[in-house]
Amino acid sequence: MLLQQALIGTMNGFGGLHGLPEEVRASVPELPPEQQLLIAAGVWSVYREAGRQAVLRPLPQPAPEAREKYVPANIQTMLDECLKGEWENWWPVVATRLARHGYVVSPGKMVSVLNAAKPQQQAAWRPLLGTRGLWLAQQNAAWSWALADAEKIERSTRWLEGNLAERVQALREQRGEDAASARAWLEAVWKGEKADVRQALLEPLLIGLGQEDEPFLNACLADRSQAVRATAVHLLSLLPASALAQRLRERAMSWVQWQAPAAQGALGKLAARLSGSAQGRMVITPATAWDKSWSKDGLEETPPQGEGARAFWLRQLVSIVPPALWQEHTGQAAESYIKAALASDWGDAMVDGLCAATVRFHDAEWAYALYRALLDRSGSAEWREKIFPLATVEQRYELCAAHMKRGDPDVAGMLAHCPLPWPESLQQATVRLAQQSLRQATQSGNDQEALLALGEQAALLLPSALLAQYKAWWQEAVDELETHTENWRARFAAAAYRRQLELIERRLQFDKEIPL
Amino acid sequence: MQLTEQQVLALAPDAQVAGAGKKLGIAKPWGNIGSSERAVWGECKGSGSRPYQVRVDRSDYAAKCSCPSHKFPCKHAIGLLVLLASEPALAAPSAEPEWVAEWLDKRATSAQQKIERAQSPSEVDEAAQQKRQEKRAGRMDEGLAALDVWLADLMRRGLAQIAGEGPAFWEKQAARLVDAQAPGLANRLRALGEEVGVRDDWPEHTLAGMGQLALLLKAWQGREHLDPRLRRELELQIGLPAREEEVLAQGEQRQDEWQILAQEIEETARLRLRRTWLLGRHSAQYALLLHTAVNKQPFTEHFVPGTSFRAVLHFWPGSYPLRAMTDAQLENTGVPAAFWHAETMEGFLDRQADALAVNPWLQRMPLVLSAAIPVQQNGQWWVLDQEGHGLPVRSHSVNRLWSWLAHCGGRPADIAGEWQAGAFHPLAMYFNQRYQVLSD
């Protein structure tokens with residue numbers, strides 16, 4: 001009543017004070033309406049506040065009882081930094097070891113972890129939240145990432161009503177469980193979706209990809225959107241029995257042929273061996289003219305700047321057939337095939353194509369062979385980086401050690417793909433390379449980037465037994481640099497080396513608190 | 001007397017010093033660390049040729065360092081305290097070196113001088129002071145009369161009309177009040193203006209606030225006939241608090257051991273205002289310390305939440321004494337492991353009713369609720385007691401509320417906070433017997 005009067009305003013009429021307890025009304029003296037209203041409002045607000053009663057509400061379910069082991073304070077600072085995004089390589093080790101020991105973040109930190117954990121780190125943070133963290137996450141929709149799948153909202157609800165990211169995730173999960181029903185889900189909504197949504201939803205078909213998916217994918221080849229067509233081609237190329245894959249294989253085999261050595265006399269044989277074509281040679285004849293039907297198979301007509309049309313088509317074709325095809329086709333081992341390809345006129349296109357195919361089809365054998373073949377080839381660093389993780393773990397150790405023996409400190413990227421525990425040989429090679437590079441760097445003052453990246457990987461991944469000696473070299477280098485304070489480059493390097501020492505110190509402390 | 005790292009870092013004037021100080025909290029750069037009853041000290045190797053001498057007074061954490069930094073406490077002082085937080089054994093009791101003793105003695109004498117000055121008020125030109133007071137009173141009366149008219153005008157036009165007015169509408173009137181020497185009223189008005197259109201219940205809230213202002217003005221008009229304590233309270237509310245010297249000499253005094261419940265720093269354009277809430281061990285009385293710092297200047301006194309000290313508090317005269325100040329005789333007494341007193345919900349509501357009866361304009365009340373359980377539903381937060389009685393909860397930062405929930409796990413625990421504008425604002429609690437600030 002009072003509020004209504006106040007909202008309307010006394011100039012539109014004043015009917016006196018109504019709807020108030022007698023005591024309140026009686027306390028307001030005779031005054032003009034505005035004053036009455038104000039005084040009454042003031043008295044009424046104090047009256048109400050003084051007479052406030054608590055309201056009965058249902059009691060909540062407390063968190064489940066659990067004796068949790070909290071992360072010690074000094075490790076917590078490291079976790080704070082990992083949360084901010086530092087120590088990206090070290091983070092998986094920290095997380096797994098802490099989880100293994102059953103450590104949990106303290107309640108004071110739970111909220112910041114739930115708020116700030118980056119998507120790619122979330123799986124690792126989950127076990128560190130403990131029972132209470134999970135209980136907390138259940139109460140806030142923004143923190144649903146922390147919940148195990150079982151507690152999440154029903155998958156089909158997420159598929160039908162979620163945003164794009166949730167729908168993709170739901171489809172992925174469904175594909176993992178029942179590929180056919182997931183495809184049925186997709187077919188049901190297909191016509192109604194926009195182009196970019198269609199493309200995003202097509203990608204989960206990669207999970208559990210099988211021959212039964214071919215009809216649907218073939219239909220996608222005629223889709224209006226270029227992105228959808230490209231994705232469909234990519235998926236079909238991975239199905240060896242699909243029509244598309246067969247067409248591509250036949251075409252590839254017709255362009256790149258293997259000529260077995262003709263019967264030759266002794267001199268001929270000698271000449272052949274000298275020219276490296278003793279086992280036969282590669283005859284590459286890419287098509288001379290573009291065929292329109294090829295664009296349906298995912299090939300593009302116009303080459304990029306600086307590349308010839310035929311080389312471009314060859315490269316594309318080789319990149320979408322499985323490398324294993326060549327072994328089948330020619331009976332040659334990967335190594336010799338690659339060697340022949342490099343030696344041919346179309347070497348660059350062939351090698352780029354083979355590298356791309358290796359990545360696409362995850363072929364470990366070809367990754368190994370290609371890597372070794374490309375070690376000495378200039379300009380191949382980018383491809384080598386891409387195919388290195390595809391080799392088997394054992395092969396990676398071997399390749400890494402081989403690379404290190406050449407004295408090039410730029411191996412940090414490779415080391416990041418070498419899972420622990422490292423074999424003795426790799427440990428020793430790393431240690432020797434670090435020492436060597438450090439000595440060279442301090443003497444010549446050259447570019448330190450590769451060395452520092454190597455140093456970081458080594459500090460985090462070497463076993464602690466070797467770290468004492470490792471630390472001593474860095475300390476030596478810092479001491480040496482600090483004698484040259486006039487040289488700004490030396491000061492800069494000294495600061496960087498001191499950070500390395502800090503990192504080693506951290507690592508040693510971590511090992512002490514949270515042993516392996 | 002042990003501080004945790006979190007408490008030490010809270011002493012730093014800004015984040016940069018806190019970070020730099022934390023980095024110095026390792027043993028390597030330090031030498032000659034020692035402690036005595038009065039202080040701790042150490043020498044820190046810096047980028048200069050001679051190490052910096054750092055001293056920290058144990059009674060109030062004032063620090064002095066020989067480094068050229070403008071900030072207090074500097075990163076070296078923070079570093080020393082951080083180091084000692086994790087390795088207290090490093091500061092073995094030993095004889096105070098000269099550079100430490102000299103500084104401490106000088107501080108003691110200047111503190112003594114301050115008390116003496118307060119106790120013997122200086123000679124003042126009586127007549128001139130009288131005239132100044134009259135002039136000020138005249139200006140204020142004018143300003144308050146103008147506010148009266150302004151409020152009445154709003155009632156005439158109706159609150160619905162003002163919903164569309166921007167902050168300038170309120171700011172203009174608030175500025176007039178500041179000119180009229182009534183900053184307390186100005187703040188109230190500004191606060192009302194900020195909530196228009198923001199709170200769901202803004203019409204009721206605004207009307208209630210305006211009503212309270214009207215009551216204040218009415219009471220002020222009849223101040224001659226009021227109880228002197230109520231009259232002092234009115235002066236406080238309008239923004240004419242007594243001066244520190246006056247409070248030291250004439251205000252109500254209470255000797256007790258005081259627990260620092262919580263602390264909040266409010267930043268405005270040019271000023272930083274720090275509120276520190278205290279709870280007396282034997283008296284179970286609450287108190288509020290207010291300190292200001294201009295711009296980037298540090299606060300001159302340090303009170304570390306979660307610690308306790310013995311002192312005589314001097315309260316500002318009023319009908320419900322809350323605001324107080326310390327004198328120089330302060331003695332740190334350690335780190336309590338729990339809140340010394342806590343109220344039931346019913347107990348608090350009774351206390352609030354009694355307080356409002358003597359001071360209807362009370363806006364904030366500190367309290368420690370016992371065995372409290374936070375609960376949230378669809379973004380609305382409540383605090384419940386074990387029988388399910390609930391009061392509304394609000395906070396500047398929802399993370400603080402989640403942090404509260406995380407710490408107590410939905411089980412009853414004592415919580416310290418403030419009752420303000422019809423809701424409970426939680427500030428700090430104890431977890432595993434350690435004091436925890438609920439962070440933003």
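The following exchange concerns salt bridges, burial and one helix in a predicted model.

Colleague: What makes the contact between A:D213 and A:R175 a salt bridge?

Modeller: The N to O distance between their side chains is 2.8 Å, and the limit is 4 Å. The contact therefore counts as a salt bridge. A:D213 lies in the loop between α11 and α12 of chain A and A:R175 in helix α9 of chain A, so the pair ties together parts 38 residues apart in sequence.

Colleague: Why is A:D213 called buried?

Modeller: Buried requires under 20% relative accessible area. A:D213 has 1% relative accessibility, so A:D213 counts as buried. A:R175, at 2%, counts as buried too.

Colleague: Are B:D105 and B:R38 buried or partly exposed?

Modeller: Partly exposed lies between 20% and 50%. B:D105 has 39% relative accessibility and therefore counts as partly exposed; B:R38, at 33%, also counts as partly exposed. These two residues form a salt bridge, with their closest N and O atoms 3.0 Å apart.

Colleague: Why do B:E252 and B:R254 count as a salt bridge?

Modeller: Their N to O distance is 3.9 Å, and the cut-off is within 4 Å. The pair therefore qualifies.

Colleague: How do you know that the span of helix α5 of chain B agrees with the expected value?

Modeller: At 1.5 Å a residue, its 32 residues should span 46 Å; the end C-alpha atoms are 47 Å apart, which agrees. Among the buried residues of this helix are B:M140, B:L147 and B:W150. Just after the helix, B:G158 takes a positive phi of about 100 degrees.

Key:
Residues numbered from 1 in each chain as written. Chains lettered and ligands numbered in written order. Predicted model: local features only at pLDDT ≥ 70, side-chain atom pairs only at ≥ 80, totals over all residues. Heavy atoms only, no water. Helix = DSSP H or I, 4+ residues; strand = E, 2+ residues; numbered from the N terminus. Expected span 1.5 Å × (residues − 1). Buried < 20%, exposed > 50% of the residue type's maximum accessible area, 1.4 Å probe, protein only.
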